[in-house]
Amino acid sequence: MSASRFIFSGFAVWALAFGFVSRAQQGAPAAQPPAEAPAAASAPANTDCLMCHEDDSAARADGRPVVVKPAVFEKSIHGGMSCVDCHADLATATEFPHAEKLRRVDCSTCHSDTVELYKKSVHATAQARGSQEAPGCASCHGAHDILPSSNPESRTYHLNIAATCAKCHGDPALTAKVGLPTDIAAEYADSIHGRAVSRSGLTVAPTCSNCHGAHDIVSPSNPESRVASAHVPETCGKCHEGIALKFNAGVHGTVLARGNTGAPACQTCHTAHAIQQSASTAWQLSVIGQCGTCHADRIATFKDTFHGQVTSLGSRTVAGCADCHGAHEILPASDPRSPIAPANLVETCGKCHEGANANFVQYDPHANKHDRQRNPALFFVSKFMTVLLVGVFSFFGIHTAMWFTRELRERRREPVGPSKGETRASRQAADERKERGGDGPSA
């Protein structure tokens, strides 16, 4: 086949194919233009909501106000958002006023991590049990006037947190109703921490959230709580690091670290909320009694000594527990580092008693008259004194009883009447005659 014939055949096949496609397109129905989608309902704008809610009379059916001031909302941290960003069930609302009851605002839409922490808290647990008093997000942060915690006007600003918590924990009626201590807020306000915050304005001083947490607050009975006994040294140590190191090295911290939650921690001696200045005389005297809650036998023998009797009178001129044993790094006498180790006693006693020597420190600050093994001489002297006192009082008691009996008998022999004086004189004269040997007339 020649080249010209091949080209002509190819052109003929192409023309036939083109004609077939054209006829097929002419027989097909014409394509219809796409139908227009119905216009979506636009969400209400903030101005739509404020038409009602900026009115001072806006309130629910039960009288609770739902007023939202534009200036306040715009100043808030959510000021650039739309109302329906939080009130999502109104995003498609077309009729106003809307339904009386709306769905609870779900803060987890934006703050999912924080809400997850809150769900573990004692507040969320109380809400799940149906408590109407348990606080939610708005209870602490506000609703339409939320400000960042760095803003001094915010409810959650460091200097304002105690007042925010006191709205519930400082309400005697509310705390009594839900079974919480009624004096926590007042105790904190009068504590060294509370005064540092409220009076001195120290943002480094601890407030409620520093110890309890902000969103994941759990009960002290929960082992995971920051204020559970085992975690208290760590919590306090965030500020008092040096003291925490000493406490952890001492006998109390060691026992606590072993899992003995009955061992004393910071709050055992200093209390949890009513913490006072440790340099004050009143606190130093009170903590002596606090030691006695665990060491009852030691405090009893201490009170028998000169030191104990003077402190019982309210004086701090003599040694108390911490003066000899230390305050935080308390160690047993067997530890060479302990202030009461035998090798250190002269130095320890010499802090108050200048010139103390080895003979001086033989004094027993916890002498026990009932412990024969520890103090044999004192034990026997005490027994002797007990027998002596019982004997003396018994002898004179019996003597007094016999004398009283004779006196009573004598009085019963005397007649009662106007001639009592003469009768007594006559009886005395008769007694004298008997003693002289007869009843005959005198010379």
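Here are legends for three views of this predicted model.

**View 1. The whole chain, built with helices and no strands.** Scan the full protein chain and you'll find 23 helices and zero strands. There are 443 residues here, and 21% of them count as buried. The accessible surface adds up to about 31000 Å², with 60% of that belonging to carbon and sulfur atoms. What about contacts between residues with a separation of 6 or more? In the protein chain, 42% of those link residues 24 or more positions apart.

**View 2. A nonpolar patch on the surface, with Phe-396 as one of its members.** Zoom in on Val-381, Phe-384, Met-385, Leu-388, Leu-389, Val-392, Phe-393, Phe-395 and Phe-396, which make up the patch. Put together, these residues have about 920 Å² of accessible area. Now pick out Phe-396, which sits in helix H22, a run covering residues 376-413. Is Phe-396 buried, partly exposed or exposed? Its relative accessible area is 49%, so Phe-396 counts as partly exposed; the exposed label takes over 50%.

**View 3. Thr-207, a loop residue tucked between two helices in the sequence.** Follow the chain out of helix H11 (192-198) and, before you get to helix H12 (208-212), you'll meet Thr-207 in the loop. Is Thr-207 buried or exposed? With a relative accessible area of just 2%, Thr-207 is buried, because that label applies under 20%. Which residues does Thr-207 touch, if you skip its neighbours within four places in sequence? Look for His-158, Ile-161, Ala-162 and Tyr-188, which are in contact with Thr-207.

How values were computed. Residues numbered from 1 in each chain as written. Predicted model: local features only at pLDDT ≥ 70, side-chain atom pairs only at ≥ 80, totals over all residues. Heavy atoms only, no water. Patch = residues over 30% accessible without salt bridge, like charges linked within 9 Å, V, L, I, M, F, W, Y side chains within 5 Å. Areas by Shrake-Rupley, 256 points an atom, 1.4 Å probe, with all protein chains shown as cover. Salt bridge = Lys/Arg side-chain N within 4 Å of Asp/Glu carboxyl O. Helix = DSSP H or I, 4+ residues; strand = E, 2+ residues; numbered from the N terminus. Buried < 20%, exposed > 50% of the residue type's maximum accessible area, 1.4 Å probe, protein only. Contact = heavy atoms within 4.5 Å.
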